[in-house]
Amino acid sequence: MATQIVMDRTGDTRHNFDAKNADALAKAEERFRALTGAGFTAAVRTSSGEPVVKRTFDPNAEETLFFPRLVGG
Amino acid sequence: MFRQLLRNAKERLRLFLSECRRRARVLRERLRQQPDRTNPSSRFVPGFLHGYGAREARGFELLKEWLSPEQLAQYQARSYFDVTGCHSGKRYRISHGNSMNIHELDGAGRPRFGWCFAPKGYLVAGDVMLAQKIALETDERGALAVANKFSVPTGRRNTLFDC
């Protein structure tokens, strides 16, 4: 089961989906595009635990984290 | 003459205290009629603080999952963790908080400047710190391009940075 975690004002929203299911994968890709299009940054962790930013949808990613656009404080 | 003055002063004091009691009663009544002033939903952004504790805890769980073992140990011991900028190799210290919580360190581990940036919107501290960590480790230039720089007081001892 793969997960997309979206940071938002409710804490974080988790979308679990079966990466082997074509429909679920298509929905996850659509969500990825919608979020990154809205300014969110998508990041995944490598096997060694380092974060990597993803510009395109990775169907093999087990966990993708989305955080909103950065602004100066 | 003196007795007359004393009597006048006594009467004025009585009136003054009576007025104070009346005002205190009115104020007490007003406060009682107000809705719960600590009601979280009535502060800042409607609904933001509702369930804040649970969301805060979830944010920290997520942060802990994404920290390296060294960063996690450092955070648990000192409420801050260090990251290395992906472009410059500089070290930054992210302290517990939502804003003005990033310090660029010099070679000796002392703070040189502060940087302030955060994800847009109302996020809990754990989420903010995680976004700051990922940004510095994957797109340092992009993060600092939007950040505001602030000076760090050097005149007084800052116990946060005692290693």
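**Notebook: chains A and B of a predicted model**

I began with the secondary structure of chain B, which comprises five helices and five strands. Reading from the N terminus, I noted the order α-α-α-β-β-β-β-α-α-β. The model is a predicted one, and I therefore turned to its confidence scores before going further.

**Entry 1. Confidence**

I recorded an ipTM of 0.95 and a pTM of 0.76 for the model. For chain B, I found an average pLDDT of 84, with 81% of the residues scoring at least 70. I then looked for the weak stretch and located it at residues 35–43 of chain B, where pLDDT stays under 50. The model has eight contacts beyond four places in sequence for this stretch. I do not interpret these contacts, because predicted coordinates should not be read in detail where pLDDT is low.

**Entry 2. Domains and burial in chain B**

I looked up the division of chain B and found domain 1 at 2–34 and domain 2 at 55–153. The C-alpha centres of domain 1 and domain 2 of chain B lie 56 Å apart. Of the 163 residues of chain B, I noted that 23% count as buried. Taking contacts in chain B between residues at least 6 apart in sequence, I found that 50% join residues at least 24 apart.

I next examined helix 3 of chain B, residues 69–78. Is this helix largely buried or largely in the open? Of its ten residues, one is buried, so helix 3 lies largely in the open. Just after helix 3 of chain B, I noted that B:Ser79 adopts a positive phi of about 65 degrees.

**Entry 3. Chain A**

I counted one helix and six strands in chain A, and along the sequence they follow the pattern β-β-α-β-β-β-β. I checked the radius of gyration of chain A against the globule rule: the value is 12 Å, close to the 11 Å given for 73 residues, so chain A is as compact as a globular protein of that length. The C-alpha atoms of chain A fill a box of roughly 40 × 25 × 20 Å along the principal axes. Of the 73 residues of chain A, 25% count as buried. I also noted that, of the contacts in chain A with a separation of 6 or more, 41% come from residues 24 or more positions apart.

I then followed the pairing of strand 1 of chain A, residues 2–8. Strand 1 runs antiparallel to strand 2 of chain A, residues 11–17, and seven bridges join them. These two strands of chain A form a hairpin with two residues between them. At one position I found A:Asp8 with A:Gly11 of strand 2 as its bridge partner. Strand 1 of chain A also pairs with strand 5 of chain A, residues 63–67, in the parallel sense over four bridges. For A:Gln4, I identified A:Thr64 in strand 5 as the bridge partner.

**Entry 4. The interface**

I turned to the contacts between the chains and found 29 residues of chain B in contact with 19 residues of chain A. Which elements of chain B each supply at least two residues of the side that touches chain A? They are helix 2 (52–66), strand 4 (111–119), helix 4 (125–138) and helix 5 (140–146). Helix 4 of chain B gives the most, with six residues. By class, I listed 17 nonpolar, six polar and six charged residues on the side of chain B that touches chain A.

I also found strand pairing across the interface: strand 6 of chain A, residues 70–72, pairs with strand 4 of chain B in the antiparallel sense over three bridges. Within strand 4 of chain B, B:Ala118 stands opposite A:Val71.

**Entry 5. B:Leu62**

I selected B:Leu62, which I located in helix 2 of chain B. Why does B:Leu62 count as buried? I found 21 C-beta neighbours inside 10 Å of B:Leu62, and the cut-off for a buried residue is 20 or more. Leaving aside neighbours within four places in sequence, I listed its contacts as A:Asp12, B:Gly126, B:Asp127 and B:Leu130. I also looked up the separation of B:Leu62 from B:Thr84, 22 residues apart along the chain, and found 20 Å between their C-alpha atoms.

Notes:
Residues are numbered from 1 along each chain as its sequence is written. Chains are lettered from A and ligands numbered from 1 in the order in which they are written. This is a predicted model: local features need pLDDT of at least 70, side-chain atom pairs count only at pLDDT 80 or more; totals for chains, interfaces and linings use all residues. Domain bounds come from an automatic or database domain assignment. Two residues are in contact if their C-beta atoms, placed from the backbone, lie within 7 Å. Ala, Val, Leu, Ile, Met, Phe, Trp, Tyr, Cys and Pro count as nonpolar, Asp, Glu, Lys and Arg as charged, and the others, Gly among them, as polar. Two strands pair if DSSP finds at least two bridges between them. A residue is buried if 20 or more other C-beta atoms lie within 10 Å of its own, exposed if 12 or fewer, and partly exposed in between; C-beta atoms are placed from the backbone. The radius of gyration is taken over C-alpha atoms; the globule rule is 2.2 Å times the number of residues to the power 0.38. pLDDT is the predictor's confidence in each residue, from 0 to 100.
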